[in-house]
Amino acid sequence: MYYTIHQVLSQLLDIPDTGEVSAPHITGPHALNRGFQYFMKDAGVKVEDGGVGKKPAKAGLWIGTYNRSITVKGVGEYENEYVYREHIRRKQKLKEYEAMGMKHFKMDTHATQKTCMRAL
């Protein structure tokens, strides 16, 4: 998780405009993939990116630095086998966001001219 969080924060700090963030590419599966690659790189193992639509983490037990491990289950291309996306349907989700005074990230993509650091 350390590597994934580090990747997410690095990506957020590098974006030129917080209003034009593609959240899934910064904080979602792509961040997990980058975190996994850095976890293995730190242990001296280079994991090639599988290419567009492919995940580099293959099923199995991966041992990293200080004998820490990651267990990968299933096939990355069939992620809904283990994670059910959109469990809360969009209409309900938008209603819940509104009740909390929030917006779905896709409904708030206007340019802000602010970097993440400036927004903080």
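I looked up F39 first in this predicted model. Its relative accessibility is 8%, and since the cut-off for buried is under 20%, F39 counts as buried.

Next I looked up the nonpolar core that holds F39. The largest such core has eight residues, and besides F39 I list Y3, F36, M40, V47, A57, W62 and V72. Helix α3, residues 29-42, gives the most to this core, with three residues. I note for context that nonpolar side chains tend to be buried together in soluble globular proteins.

I then took W62, another member of the core. What does W62 touch, once neighbours within four places in sequence are left aside? I find F36, F39, M40, V47, R68, S69, I70 and V72 in contact with W62.

I turned to the aromatic rings. How many aromatic pairs are there? I get three by the pairing rule. For Y2 and Y3, I read 5.3 Å between the ring centres and 85 degrees between the planes, so I enter this pair as edge-to-face. Y2 has a relative accessibility of 62%, so I enter Y2 as exposed. The pair of Y3 and F39 is also edge-to-face, with the centres 5.9 Å apart and the planes at 80 degrees. I checked where these two partners sit: Y3 is in helix α1 (residues 2-14) and F39 in helix α3. They are 36 residues apart, and the pair links distant parts of the chain.

Last, I grouped the rings. Y2, Y3 and F39 form one aromatic cluster. Within this cluster I have Y2 as exposed and F39 as buried.

Key:
Residues are numbered from 1 along each chain as its sequence is written. This is a predicted model: local features need pLDDT of at least 70, side-chain atom pairs count only at pLDDT 80 or more; totals for chains, interfaces and linings use all residues. Side-chain values use heavy atoms; hydrogens and water are left out. A nonpolar core is a set of buried Ala, Val, Leu, Ile, Met, Phe, Trp, Tyr and Cys residues joined through side-chain atoms within 4.5 Å. Buried means under 20% relative accessible area, exposed over 50%, partly exposed in between (1.4 Å probe, protein chains only). Helices (H or I, at least four residues) and strands (E, at least two) are DSSP runs, numbered from the N terminus. Contact means heavy atoms within 4.5 Å. Rings of Phe, Tyr and Trp (its six-membered ring) pair if their centres lie within 6.5 Å; planes under 30 degrees apart count as stacked, over 60 as edge-to-face and the rest as tilted.
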